[in-house]
Amino acid sequence: MTDRRKAQLSSRKQPQQARSNDLVAAVLEAAIQVLAQEGAQRFTTTRVAERAGVSVGSLYQYFPNKAAILFRLQSDEWQQTTDLLRTILEDVRKPPLTRLRILVHAFIRSECEEAAMRVALNDAAPLYRDAPEVQAAKAAGECVIQRFMLKVLPDASKKTRAMAGELITATLSAVGKDFSESARTPAQIKVYADAMADMFCAYLSSCQGSASRK
């Protein structure tokens with residue numbers, strides 16, 4: 001079962017030439033448009049091929065089915081999030097809590113800007129959520145968070161750092177999703193992100209203070 005699921009989610013071949021790269025890029029851009037406009041339930045390879053202006057046969061050269069396309073879109077989104085985490089949280093020029101504030105603001109803005117796409121991908125998640133590739137993608141982001149926790153909570157136990165990382169990650173994801181389901185102005189986003197950052201910073205300061213007193 002695992003091998004079959006891997007085959008369904010993996011691209012049939014990797015583009016080697018500029019023309020092939022352009023075709024894959026066109027397919028992915030068309031997939032984003034179809035997913036945002038039609039939703040996960042009406043998402044099909046035929047609609048994507050039509051929107052991209054390519055034949056279904058050409059699409060199948062690189063993506064064996066719609067699950068493979070959706071997983072590629074989700075993988076790209078996870079990679080962007082991981083890159084965001086790494087770029088901000090590993091910027092040693094800034095104090096750790098300042099980095100966290102910047103991350104919260106960037107994440108909430110991103111959630112609001114891409115809300116329709118994220119909702120559609122979440123609806124499509126049952127097609128691939130149990131695949132091992134999903135766990136690998138999520139693990140990359142978790143590693144960045146845990147390295148950051150080691151910097152911001154140097155005196156805390158490994159268990160405390162793990163819990164803090166999980167709590168902040170889960171809260172960002174859940175609250176960000178809920179907040180972005182309604183249209184928000186830049187001012188509203190800033191106020192909300194400031195409040196969330198204040199909450200996270202106070203929590204981490206409390207954790208570090210408790211650990212230092214032991």
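Student: At what angle do helix 5 and helix 6 pack?

Tutor: This is a predicted model, in which local features need pLDDT of at least 70, side-chain atom pairs count only at pLDDT 80 or more, and totals for chains, interfaces and linings use all residues. Residues are numbered from 1 along each chain as its sequence is written, and side-chain values use heavy atoms, without hydrogens and water. Helix 5 covers residues 66-89 and helix 6 residues 96-113, with their axes 9 Å apart; the packing angle is about 150 degrees.

Student: How are helix 5 and helix 6 therefore oriented to each other?

Tutor: Angles over 145 degrees count as roughly antiparallel, under 35 as roughly parallel, 65 to 115 as roughly perpendicular and the rest as oblique. The crossing of helix 5 with helix 6 is right-handed. By angle, the two helices are therefore roughly antiparallel.

Student: How many residues in the contact of helix 5 with helix 6 are nonpolar, polar and charged?

Tutor: Contact means heavy atoms within 4.5 Å. Helix 5 contributes Thr-81, Leu-84, Leu-85, Ile-88 and Leu-89, which meet Arg-99, Leu-100, Ile-102, Leu-103, Ala-106 and Phe-107 of helix 6. By class, these are 9 nonpolar, 1 polar and 1 charged.

Student: Which term describes the orientation of helix 5 and helix 7?

Tutor: The axes of helix 5 and helix 7 (residues 115-124) come within 10 Å. They cross at roughly 130 degrees, and the crossing is left-handed. The two helices are therefore oblique.

Student: Which residues of helix 7 make the contact with helix 5?

Tutor: On the side of helix 5, the contact involves Leu-70, Leu-73, Gln-74 and Glu-77. By class, the contact has 5 nonpolar, 1 polar and 2 charged residues. The partners in helix 7 are Met-117, Arg-118, Leu-121 and Ala-124.

Student: Within what arc do the buried residues of helix 3 fall?

Tutor: Buried means under 20% relative accessible area with a 1.4 Å probe, protein chains only. In helix 3 (residues 45-52), the buried residues are Thr-45, Val-48, Ala-49 and Ala-52. Seen down the axis, they line one face of the helix, because they fall within an arc of 100 degrees.

Student: Which residue follows helix 3?

Tutor: The residue after helix 3 has a positive phi, near 75 degrees. That residue is Gly-53.

Student: What percentage of the residues of the protein chain count as buried?

Tutor: The protein chain has 10 helices and 0 strands, and its C-alpha atoms fill a box of roughly 65 × 40 × 30 Å along the principal axes. Of its 214 residues, the buried share is 38%.

Definitions and conventions
Axes are lines fitted to C-alpha atoms, for helices over the stretch in contact, and angles run from 0 to 180 degrees between N-to-C directions. Helices (H or I, at least four residues) and strands (E, at least two) are DSSP runs, numbered from the N terminus. A crossing is left-handed if the near helix is turned anticlockwise from the far one by less than a right angle, and right-handed if clockwise. Ala, Val, Leu, Ile, Met, Phe, Trp, Tyr, Cys and Pro count as nonpolar, Asp, Glu, Lys and Arg as charged, and the others, Gly among them, as polar. Buried means under 20% relative accessible area, exposed over 50%, partly exposed in between (1.4 Å probe, protein chains only). The arc is that of the directions from the helix axis to the C-beta atoms.
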